[in-house]
Amino acid sequence: MKVLQISQRKGSDEIASTTADVSLSDAAAKLSELRIGCLLVLNADGGIAGILSERDIVRTLGVSGADCLKQPVSSVMTSNVVTCGPEDSADSVLSRMTSGRFRHMPVTEGSKIVGLISIGDVVKARIEALEHDNEALESMIRSATA
Ligand code: AMP
């Protein structure tokens, strides 16, 4: 299974994003409103400046207290973002997420951002594919033994 199939299953949801100058408080409000765990941080050209996860906010809250919510996204985001391409395999993405200890990955084609997938999207797609294979095998066995 390829990343392309996973992002197609997800549909054409707009990629949730913010900018580096937005406060952590506003970024947290957006995460809460959209019921998601991660925002892509875009620069003025629409390119990737970083990624901000709910974990980044909680970690900073734990260290600095509630005052940190006034800080800009740029102060806690991860700038070195690992991306994947539509033709990458789901297994390779899962393995990169697991070894990198993160649960989100932007999908890019050249300099264009075409999606943002989570480890949950990958696992859901893999389970559905396994269920499909299982049903096909059961049907083959049933017709062979009928
Ligand atoms: P997550 O598990 O995705 O909520 O994020 C855990 C940590 O990894 C946070 O510090 C994120 O900023 C960072 N992170 C999330 N996704 C990526 C990514 N694709 N590349 C690099 N770092 C990431």
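1. Let's start with Thr 18, which sits in strand β1, the stretch covering residues 17-19. Keep in mind as you look that this is a predicted model. Is Thr 18 buried or exposed? Its relative accessibility is 9%, so Thr 18 counts as buried, the cut-off for that being under 20%. Setting aside residues up to four places away in sequence, Thr 18 touches Leu 39, Leu 40, Val 41, Leu 42 and Val 73. Try clicking on those five contacts of Thr 18 in the viewer.

2. Now move to Ser 53, found in strand β3, residues 48-53. Ser 53 has a relative accessible area of 14%, which means that it is buried. And what does Ser 53 touch, once neighbours within four places in sequence are left aside? The answer is Gly 37, Cys 38 and Arg 103.

3. Next up is helix α5, with its 27 residues. From its first C-alpha to its last, α5 reaches 39 Å, close to the 39 Å you'd expect at 1.5 Å a residue. Which residues of α5 are buried? They are Asp 121, Val 122 and Ala 125. The cover over these buried residues includes helix α1 (3-10), helix α4 (90-100) and strand β5 (112-118).

4. Have a look at Val 123 too, since α5 spans residues 119-145 and Val 123 belongs to that helix. With a relative accessible area of 37%, Val 123 is partly exposed, because that label goes to anything between the buried limit of 20% and the exposed limit of 50%. Val 123 and Leu 94 are 29 residues apart along the chain, yet their C-alpha atoms are separated by 8.3 Å.

5. That pair brings us to how α4 and α5 meet. Two packed helices are described by the angle between their axes and the distance between the axes. Here, the axes of α4 and α5 come within 10 Å and cross at roughly 140°. The two helices are therefore oblique to each other, as an angle has to be over 145 degrees to count as roughly antiparallel. The crossing of α4 and α5 is left-handed.

6. Who makes the contact between these helices? On the α4 side there are Ala 90, Asp 91, Val 93, Leu 94 and Met 97, while α5 brings Ile 119, Val 122, Val 123 and Arg 126. Sorted by class, the contact of α4 with α5 has seven nonpolar residues, two charged ones and no polar ones. So Val 122, listed among the buried residues of α5, turns up again in this contact with α4.

How values were computed:
Residues numbered from 1 in each chain as written. Predicted model: local features only at pLDDT ≥ 70, side-chain atom pairs only at ≥ 80, totals over all residues. Heavy atoms only, no water. Helix = DSSP H or I, 4+ residues; strand = E, 2+ residues; numbered from the N terminus. Buried < 20%, exposed > 50% of the residue type's maximum accessible area, 1.4 Å probe, protein only. Contact = heavy atoms within 4.5 Å. Expected span 1.5 Å × (residues − 1). Axes fitted to C-alpha atoms, helices over the stretch in contact; angles between N-to-C directions. Parallel < 35°, antiparallel > 145°, perpendicular 65-115°, else oblique. Left-handed = near helix turned anticlockwise from the far one by under 90°. Nonpolar A, V, L, I, M, F, W, Y, C, P; charged D, E, K, R; others polar.
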